[in-house]
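Hi there,

Here is the structure I promised to pass on, with my notes below it. Have a look at the model first, and then read on for what turned up.

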Amino acid sequence: MEGRIVIKSIRSLNSLAKELQRIYLEAYREDYLYAYRDPARVKRYLKWLIKHADGGFFVAFDGKRPVGFIVVQPDCRFQGEQIPEIHELVVDPAYQGRGIGKLLMETALNHLKEKGFTKVALWVGEKNEDARRFYERLGFKVTSRQGAWLRMEKDLYPSSAKISSRVSKTEKASTTSESSISSSGV
Ligand SMILES: CC(C)(COP(=O)(O)OP(=O)(O)OC[C@H]1O[C@@H](n2cnc3c(N)ncnc32)[C@H](O)[C@@H]1OP(=O)(O)O)[C@@H](O)C(=O)NCCC(=O)NCCS
């Protein structure tokens with residue numbers, strides 16, 4: 001790791017659009033099944049993501065260089081229940097395996113906890129075994145399927161941590177700002 005990785009919440013793509021597009025295309029360069037391949041389509045997808053994220057678009061920076069991002073949409077519904085969904089998580093291949101994906105995920109989950117959510121979900125391609133293993137390690141479990149897509153969900157307050165996490169959330173609520181989070185531990 002070159003320097004300290006800093007995670008920032010973004011509300012518009014502005015000058016980052018090209019770099020985020022590059023990261024996406026490189027991260028999925030071997031994915032011929034589920035990812036968009038056309039750069040123009042990826043650009044439209046990024047615009048769609050920023051429009052629906054409502055503060056849940058987080059970018060990891062190494063200095064000024066963006067090296068990964070995660071996007072969560074809070075107002076998703078599934079079977080009558082509002083459950084936020086992680087729509088995207090990618091890390092620049094040159095930076096993978098250094099804890100950045102996990103750090104982005106922790107940031108997104110903390111963001112949701114501070115908004116009062118107790119559960120999060122995502123959809124993963126059934127053949128994307130690497131990503132499935134990654135999510136399983138982070139506590140996600142397959143809960144249903146739609147065609148070639150598996151739905152995975154995670155309880156934000158697993159039973160053993162339920163009471164203590166809720167207490168600490170209340171204690172933190174008035175002091176924590178989610179706009180910029182940093183870690184030197186990756
Ligand atoms: C999935 C992805 C975001 C992981 O990011 P990363 O920064 O490399 O992951 P991290 O270094 O934070 O790894 C976190 C943990 O997951 C594990 N992990 C990472 N990739 C894994 C894999 N392919 N299989 C199993 N475990 C994996 C790590 O060993 C680590 O475990 P630990 O905490 O016990 O040490 C990244 O590989 C990527 O961008 N992949 C291509 C895009 C993609 O498939 N996104 C998901 C789409 S649904």
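Let me start at one pair of residues: D62 stands opposite R65 in β3. This is a predicted model, so please read everything below in that light.

**Around strand β2**

The pair belongs to the ladder between β2 and strand β3 (residues 65–73), which run antiparallel and share six bridges. These two strands make a hairpin with two residues between them, and in its turn G63 has a positive phi of about 65°. On the other partner, strand β1 (residues 5–9) also pairs with β2 in the antiparallel sense, over five bridges. There D62 turns up again, since I5 stands opposite D62 in β2. How much of strand β2 (residues 57–62) is buried? Five of its six residues are, which leaves the strand mostly covered.

**The loop leading into β2**

Two residues in the loop between α2 and β2 are worth opening in your viewer. One is G56, which is found in that loop. G56 counts as buried because 24 other C-beta atoms lie within 10 Å, and the cut-off for buried is 20 or more. Setting aside residues up to four places away in sequence, G56 touches V71, V72, Q73, P74, A108 and H111. The C-alpha atoms of G56 and L112 are separated by 8.3 Å, although the two residues are 56 apart along the chain.

The other is D54, which lies in the loop between α2 and β2 as well. Its phi is near 50°, a positive value in a residue other than glycine. Most residues other than glycine have a negative phi. D54 has 14 other C-beta atoms within 10 Å and is therefore partly exposed.

N14 is another non-glycine residue with a positive phi, near 40°. N14 sits in the loop between β1 and α1. Is N14 buried or exposed? With 8 other C-beta atoms within 10 Å, N14 is exposed.

**Helices α1 and α2**

Two packed helices are described by the angle between their axes and the distance between the axes. For helix α1 (residues 17–27) and helix α2 (residues 39–53), the axes come within 10 Å and cross at roughly 115°. The crossing of α1 past α2 is right-handed. On the α1 side the contact is made by A17, L20, Q21, Y24 and L25, and these meet P39, V42, K43 and L46 in α2. By type, the contact residues are seven nonpolar, one polar and one charged.

Y24 comes up again with D92, a residue in the loop between β6 and α3. D92 and Y24 are 68 residues apart in sequence, yet their C-alpha atoms are 7.6 Å apart in space. Leaving aside neighbours within four places in sequence, D92 is in contact with I23, E26, A27, V67 and G68. D92 has 20 C-beta neighbours inside 10 Å and so counts as buried, given that the cut-off is 20 or more.

**The ligand**

Which residues come nearest to the ligand? Of the 19 around the ligand, they are Q96, G101, K102, D130 and R133. The elements that give two or more residues to this shell are β6 (85–91), α3 (100–114) and α4 (129–137). The largest share, five residues, comes from α4. By type, the shell residues are nine nonpolar, five polar and five charged.

**Strands β7, β8 and β9**

Strand β9 (residues 149–155) pairs with strand β7 (residues 119–125) in the antiparallel sense over seven bridges, and within that ladder K119 stands opposite D155. Strand β8 (residues 141–146) is antiparallel to β9 too, over five bridges, with S144 opposite R151. β8 and β9 form a hairpin with two residues between them, and G147 in the turn has a positive phi of about 60°.

**The chain as a whole**

In total there are five helices and ten strands. Of the 186 residues in the chain, 27% are buried. Among contacts between residues at least 6 apart in sequence, 62% join residues at least 24 apart.

Happy browsing, and write back with any questions!

Best wishes

Terms used
Residues are numbered from 1 along each chain as its sequence is written. This is a predicted model: local features need pLDDT of at least 70, side-chain atom pairs count only at pLDDT 80 or more; totals for chains, interfaces and linings use all residues. A residue is near a molecule or strand if its C-beta atom, placed from the backbone, lies within 6 Å of it. Helices (H or I, at least four residues) and strands (E, at least two) are DSSP runs, numbered from the N terminus. Ala, Val, Leu, Ile, Met, Phe, Trp, Tyr, Cys and Pro count as nonpolar, Asp, Glu, Lys and Arg as charged, and the others, Gly among them, as polar. Axes are lines fitted to C-alpha atoms, for helices over the stretch in contact, and angles run from 0 to 180 degrees between N-to-C directions. A crossing is left-handed if the near helix is turned anticlockwise from the far one by less than a right angle, and right-handed if clockwise. Two residues are in contact if their C-beta atoms, placed from the backbone, lie within 7 Å. Two strands pair if DSSP finds at least two bridges between them. A residue is buried if 20 or more other C-beta atoms lie within 10 Å of its own, exposed if 12 or fewer, and partly exposed in between; C-beta atoms are placed from the backbone.
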